[in-house]
Amino acid sequence: MSLGPFKCEISVDKSVVTWKFSGVMNEHMVIPSIDKTSPLIINLRGVKMVNSYGLKIWTKWINANSDLLSITLEECPYVFVNNFSMINGLVTSNTIIKSFFVPFFNDQSQERRDILFQQGTDYEVGGFLRLPDVKDSQGEYMELDVNPTRYFSFLKRKSKK
Amino acid sequence: MSQSDSPFEFMELNQISPEKDLEKFLFTDNAPTLAILDMFLNQKLHHVVQRSNLEHDKEILVSLDMDRDPNCFFTHPISTILRIENPNDETEKKLRKISFEVVNSDDKNKLLEDVANYVRGLTKANSLINEVLNTADELYTNAIYNAPYVDYSNDKSGAERDLKNIKIVEDKRPHVFIGHDSDRIVLGCSDKFGMLNIRKLLERVKKCYENELSKVINYENGGAGIGAFMIFESSASVYIGVKQGIQTQICCSFAYKLSSVSRSQLPKNIHIYSG
């Protein structure tokens, strides 16, 4: 795991803007400005860590953009989702959580797997959550590496579909 | 609040510390963090040790050490907390696996990489690695942005978070250290300013437990105001020592052999010393 500096890679396809975040969300992160008439997709897969100041910047930014057409978050890593249960303001009513990672772990084999949960298939915000059986490379069952009550609590909140 | 009014179970303390200051100690179990913080703020409490946390007996010893011989905690923090052997220079050196002196303000990334590699040598559980890393980040950030730039009232949260505002004074370099035993990782950070107001810190953490965090975040200049809460949430035990104007040292322990669920259910131990 390399804890590189925060980066945001921007791409535009037709009218949809996609930002790819990577590195550490901390006091040095700068979130670009956005045209409020375009839907925005933010891919968070490359985010390695989020500190309290990163949460401050994110919360401030997303609340300032609650009038944006839509903000779709995809491939949210554990380090980001873990904060959802603590801070309601991390997502706003115009935010769609399209997919997020759930860490599984086997203490015996010390193997770790991050499983991508997809909206509609594995969960629906305010709806259902389907936990898969996850096995390690030796075929042994792996445990959730999170407290499910906390980690999935954001799914109980109402959100735009 | 008298012992009989307490909602928690009390141990017979007079066998351990018969002579003085019993109101400083609470040995209990399953007391919620918010209730403990409330007691720290409204009573003379300095140490809470909870039976269901790890190494109950050693934690009681830490309470007594920090109370009777606080220098032991300041000079040999890891060996005082882990208590494999008596704390001294030799045992401290043996247990201290990373000893990181902050020389430049942008040393944080190097420190976090070192800490991540070290913890990954003990467990591959991402949740635990993230808890230790986040704590290291918050302790480092506090040591370079807050400690040198606040007065003891701690009414303001230090320098604005930009490295150009920061100067590391050569004889007051913060120090981050880490070590472990068979169950616990201990991570700590020490600065030579001694400007942490423990009461203010506990009030801030309590506010985070009582309110929706997005409403507690400081959106103005300075820190986010939730870093200390994140440290408390991540750690099994927190040890805070302040020699006013001389040194602040915060250590945290992590139960690295437990699952994420078990860790999140551990009732917290808190130890403070202020002198």
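Strand β4 (residues 71–74) of chain A is buried on both sides: Ile71(A) and Leu73(A) point one way, Thr72(A) and Glu74(A) the other, and all are buried. That fits the usual pattern, in which side chains of a regular strand alternate between the two faces of the sheet. Keep in mind that this is a predicted model.

**Around β4(A)**
- On one side there's strand β3 (residues 40–50) of chain A, which runs parallel to β4(A) and is joined to it by 4 bridges.
- Within that pairing, Leu73(A) is the bridge partner of Ile42(A).
- Add helix α1 (residues 52–64) of chain A, and β3(A), α1(A) and β4(A) make up a right-handed β-α-β unit.
- β4(A) also pairs with strand β5 (residues 95–97) of chain A, again in the parallel sense, over 3 bridges.
- Here Ile71(A) sits opposite Thr95(A).

**Nonpolar cores**
- The largest nonpolar core counts 58 residues, and Val119(B), Ile178(B), Phe232(B) and Ile240(B) have the most contacts inside it.
- Helix α7(B) is the top contributor to this core, with 10 residues.
- A second, separate core of 55 residues takes in Leu73(A) from β4(A), along with Phe21(A), Met29(A) and Val79(A).
- Beyond its neighbours within four places in sequence, Phe232(B) touches a list of residues including Leu37(B), Leu201(B), Tyr209(B), Ile240(B) and Lys268(B).

**Helix α7(B)**
- This one covers residues 126–146, so to speak 21 residues of chain B, and spans 29 Å from first C-alpha to last, close to the expected 30 Å.
- It's mostly covered, too: 20 of the 21 residues in α7(B) are buried.

Definitions and conventions. Residues are numbered from 1 along each chain as its sequence is written. Chains are lettered from A and ligands numbered from 1 in the order in which they are written. This is a predicted model: local features need pLDDT of at least 70, side-chain atom pairs count only at pLDDT 80 or more; totals for chains, interfaces and linings use all residues. Side-chain values use heavy atoms; hydrogens and water are left out. Helices (H or I, at least four residues) and strands (E, at least two) are DSSP runs, numbered from the N terminus. The expected span of a helix is 1.5 Å times one less than its number of residues. Buried means under 20% relative accessible area, exposed over 50%, partly exposed in between (1.4 Å probe, protein chains only). Two strands pair if DSSP finds at least two bridges between them. A crossover is right-handed if, with the strands pointing away from the viewer, the path from the first strand over the helix to the second runs clockwise. A nonpolar core is a set of buried Ala, Val, Leu, Ile, Met, Phe, Trp, Tyr and Cys residues joined through side-chain atoms within 4.5 Å. Contact means heavy atoms within 4.5 Å.
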